[in-house]
Amino acid sequence: MARIHDKIWSIDGSKETLKLVVRITDLWFVGTPNKSEQAEMVFVDYEGDQIHAICKSDHLKSWKADLKENCTYVMHNFKVVKNDGQFRVCEHEYKLFFIGVTVVREADLHELPFKEFRFVEFANVVAGNFVSGLLVGGLSACFIEKYQGCF
């Protein structure tokens, strides 16, 4: 019997044998190509929940050709860590790292949502009601915070 997939909102760091059904809505590469490069991406599930995922250079060779923006996948087995860096691309409390036993299988899942922009209302920026360190619309909240008096 096939295992039921996990929902992104339910990821709480208690298990790493996740089965996710996702679309990669954002994919970018950081570092020097073919040397110290890593892939960073945002996954979205059926419910529109998002989580940040990272494929470090030691695993990127295995997956680089298969990872494509806007494609849909069934993926298994990640290292789950706190999403507590200075800047975050998703509000989710955790992020995922590809590991040696991560499984990625492209699947035809057209029902998964595409990228959804989550802009901060201008009034909330002026009032200071936003999550500091969360990237919104390509700008970090720290940038907004620094220049808040200019609005």
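Me: Before I start, what does contact mean here?
Reply: Contact means heavy atoms within 4.5 Å of each other, and please keep in mind that what you are looking at is a predicted model.

Me: OK, so which residues is phenylalanine 98 in contact with, leaving aside its neighbours within four places in sequence?
Reply: With those neighbours left aside, phenylalanine 98 is in contact with Met41, Phe43, Ala53, Ile54, Cys55, His59, Trp63, Leu67, Met75, Phe78 and Val104.

Me: And which residues touch the most other members of the largest nonpolar core?
Reply: That core has 25 residues, and those touching the most other members are Met41, Phe43, Leu67, Met75, Leu96 and Phe98, so the phenylalanine you just asked about is among them.

Me: Which elements give two or more residues to this core?
Reply: They are the strands β1 (19-30), β2 (38-44), β3 (50-55), β4 (72-82) and β5 (94-106), together with the helix α1 (57-63).

Me: Let me look at β3 then. How many of its residues are buried?
Reply: Six of its six residues are buried, which leaves β3 mostly covered. Both faces are covered, with Gln50, His52 and Ile54 buried on one side, and Ile51, Ala53 and Cys55 buried on the other.

Me: How do β2 and β3 run, parallel or antiparallel?
Reply: β2 and β3 run antiparallel and are joined by six bridges, and in this pairing glutamate 40 stands opposite isoleucine 54 in β3. The hairpin that they form has five residues between the strands, and in it glycine 48 takes a positive phi near 85°.

Me: And β3 with β5, parallel or antiparallel?
Reply: Those two strands run parallel, with three bridges joining them, and here alanine 53 stands opposite leucine 96 in β5.

Me: Different topic: how many disulfides does a search of the whole structure find?
Reply: The search finds zero disulfides.

Me: Why does cysteine 90 count as buried?
Reply: Cysteine 90 counts as buried because its relative accessibility is 2%, and the cut-off for buried is under 20% relative accessible area. Cysteine 55 is buried as well, with a relative accessible area of 0%.

Me: Zooming out, how many helices and strands does the protein chain have?
Reply: The protein chain has three helices and seven strands, and from the N terminus on these elements run β-β-β-α-β-β-α-β-β-α.

Me: Last one: what share of the residues is buried?
Reply: Buried residues make up 42% of the 151 residues in the protein chain. As for the surface, the chain exposes about 8900 Å², of which carbon and sulfur atoms supply 54%.

Definitions and conventions
Residues numbered from 1 in each chain as written. Predicted model: local features only at pLDDT ≥ 70, side-chain atom pairs only at ≥ 80, totals over all residues. Heavy atoms only, no water. Helix = DSSP H or I, 4+ residues; strand = E, 2+ residues; numbered from the N terminus. Buried < 20%, exposed > 50% of the residue type's maximum accessible area, 1.4 Å probe, protein only. Areas by Shrake-Rupley, 256 points an atom, 1.4 Å probe, with all protein chains shown as cover. Disulfide = S-S within 2.5 Å. Core = buried A, V, L, I, M, F, W, Y, C linked by side-chain atoms within 4.5 Å. Pairing = 2+ DSSP bridges.
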